[in-house]
Amino acid sequence: MKPDVKLTAAITAMGGYVPDYKLTNTELETLVDTNDEWIKTRTGIEERRVLKDPSKATSDLAIAAINEIIRKKNLDPTEIECIICCTMTPDMQLTVTAAYIAMQIGAVNAWGYDFTAACCGFIYGLTTAATYIESGRYKKILVIGVDNMTRFVDYKDRGTCIIFGDGAGAALVEPNYEGLGVIDSYFRTDGTGRKLMHQKAGGSLKPASHSTVDAREHYAFMDGRGVFKSAVNNMADSVLKVMERNNLTKEDIAWVVPHQANMRIIEAVGEQIGISLDKMMINIQRYGNTIAGTLPICLWEWEPRLKKGDNIMLVAFGGGFTWGASWIKWAYDGSDFLNGKHI
Ligand code: UT7
């Protein structure tokens, strides 16, 4: 480490993957009592991606996203030291998806773990990775936000099945000596929120059984209206706190990356923090809510437009409840990858 220079941790490449199959609002009309107009007006979602192949799962989405980084950065997988797989939908219970991912990509020197923080998985995981890098002990960490949520969605419950989709975004996190990368984060949790969003059976509190399956308790339960209100206030509050304590004005912010749960939540947050929608990354219309995937999928899609030094505010709210915001100073011109320039 260079002695007089502050060591920070920065994203140095993004990868992403969404499955090919598009579940449209029109197809949902054939499954539950809903309609395109209601879904678009109440959520902003037009279609979401679904992993159809029953032999594939969360790890496959993650690996596809990581492979893009390996390709773009010409990265030797044996140099990867740690893999943080942020997900609520691991391939299997009682085993670690990150370990399987490491084996599949040839990251034979990596340790890793699954990180469950619902829709906040990626920002919590990114800050955790940043702390490892800032300690000086690590130089290459992969943080993946990934969920195969449609496997846990009840396509008889119109209140939840319209929202969720599958997808993955991956970030390579490396040391930075220019003051760029993860600068500040404000995170909170509130355990009272678990009654509003959970899977009733399948955990240690209520293991799965014939009767829980008959009662459809192995699917996601959500009191959408209750979650909505907490999401708006806490997402806006987190952004404002990070801005205030770092003397950031709204003019300083190049992009806000909000969790993509509902277009109305994004609009309400934008209004409360005073930032217009054209400065917010929004792709909910195409992918719906991919849980831990939403933030890194946005960064992946916007990467070609991002410039070195851009102030980016990531903000999320999810099950638990978990919520928070992270301010990052972007560390590279994303267009460099298009020009074939390895960074
Ligand atoms: O990412 C994790 C965190 N999750 C979230 O942040 C999700 C937050 N919540 C939401 O996005 C919204 O609450 C939903 C999109 C889930 C639901 O929208 P809403 O505007 O809150 O609807 P609601 O649950 O208050 O229901 C309003 C009405 C109800 O009918 P009545 O009782 O007023 O007659 C529902 O039965 O809309 C009905 N409804 C639907 N109608 C057509 C609920 N879902 C549907 C549907 N199609 N899919």
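In the predicted model, Trp 111, Tyr 113, Phe 115, Tyr 132 and Tyr 138 form one aromatic cluster. The structure as a whole holds 11 aromatic pairs. One of these joins Trp 111 and Tyr 132, with 5.8 Å between the ring centres and 45° between the planes, which places the pair in the tilted class. Trp 111 belongs to strand β5 (residues 111-115) and Tyr 132 to helix α5 (residues 121-134), so the contact between the rings ties together parts that are 21 residues apart in sequence. Neither ring belongs to a buried residue: Trp 111 is partly exposed at a relative accessible area of 38%, and Tyr 132 is partly exposed at 23%.

A further tilted pair is formed by Tyr 124 and Phe 187, with a centre-to-centre distance of 4.5 Å and an angle of 40° between the planes. Tyr 124 is located in helix α5 and Phe 187 in strand β8 (residues 181-189), so this pair ties together parts that are 63 residues apart in sequence. The two partners fall into separate accessibility classes. Tyr 124 has a relative accessibility of 12% and counts as buried, because the limit for that class is 20%. Phe 187, at 23% relative accessibility, counts as partly exposed.

The loop between β5 and α5 contains Ala 118. The phi angle of Ala 118 is near 50°, a positive value in a residue other than glycine. Ala 118 counts as buried, with 7% relative accessibility. A positive phi near 50° is also found at Asn 247, likewise a residue other than glycine. Asn 247 is placed in the loop between α8 (224-245) and β11 (255-258). In contrast to the buried Ala 118, Asn 247 is exposed, with a relative accessible area of 69%. Another backbone feature occurs in the loop between β12 (311-318) and β13 (322-329), where Phe 321 lies. The peptide bond leading from Gly 320 to Phe 321 is cis, and its omega is near -5°.

The ligand is surrounded by 22 residues, of which Thr 34, Arg 42, Arg 225, Asn 262 and Asn 289 are the closest. Polar side-chain atoms of several residues approach oxygen atoms of the ligand. For Arg 225 the distance to a ligand oxygen is 2.6 Å. Arg 158 places a polar side-chain atom 2.8 Å from an oxygen atom of the ligand, and for His 259 the corresponding distance is 2.9 Å. On its own the ligand has 940 Å² of accessible area, and the protein covers 76% of this.

Asn 289, one of the closest residues to the ligand, is situated in the loop between α10 (284-287) and α11. Asn 289 is buried, with a relative accessible area of 5%. A polar atom of the Asn 289 side chain lies 2.8 Å from the backbone nitrogen of Ile 291. When residues up to four places away in sequence are not counted, Asn 289 touches Cys 119, Ile 163, Phe 164, Gly 165, His 259, Gln 260, Ala 261 and Thr 294. Among these contacts is His 259, whose side chain has a polar atom 2.9 Å from a ligand oxygen.

Helix α3 (residues 58-73) consists of 16 residues. The distance from its first C-alpha to its last is 23 Å, close to the 22 Å expected at 1.5 Å a residue. Of the 16 residues of α3, 12 are buried, so the helix is largely enclosed by the rest of the structure. The buried positions are Thr 58, Ser 59, Leu 61, Ala 62, Ile 63, Ala 65, Ile 66, Glu 68, Ile 69, Ile 70, Lys 72 and Lys 73. The cover over the buried residues of α3 includes the strands β1 (8-17), β6 (141-148) and β7 (166-176). The helices α4 (97-105), α11 (294-302) and α12 (335-338) are also included in this cover. Just after α3, Asn 74 adopts a positive phi of about 55°.

Technical notes: Residues are numbered from 1 along each chain as its sequence is written. This is a predicted model: local features need pLDDT of at least 70, side-chain atom pairs count only at pLDDT 80 or more; totals for chains, interfaces and linings use all residues. Side-chain values use heavy atoms; hydrogens and water are left out. Helices (H or I, at least four residues) and strands (E, at least two) are DSSP runs, numbered from the N terminus. The expected span of a helix is 1.5 Å times one less than its number of residues. Buried means under 20% relative accessible area, exposed over 50%, partly exposed in between (1.4 Å probe, protein chains only). Contact means heavy atoms within 4.5 Å. A residue is near a molecule or strand if one of its heavy atoms lies within 4 Å of it. A polar contact is a pair of N or O atoms within 3.5 Å; within protein, one must be able to donate a hydrogen and the other to accept it, and residues adjacent in sequence count only if both atoms are side-chain atoms. Accessible areas come from the Shrake-Rupley method with a 1.4 Å probe; for residues, only the protein chains shown count as cover. Rings of Phe, Tyr and Trp (its six-membered ring) pair if their centres lie within 6.5 Å; planes under 30 degrees apart count as stacked, over 60 as edge-to-face and the rest as tilted.
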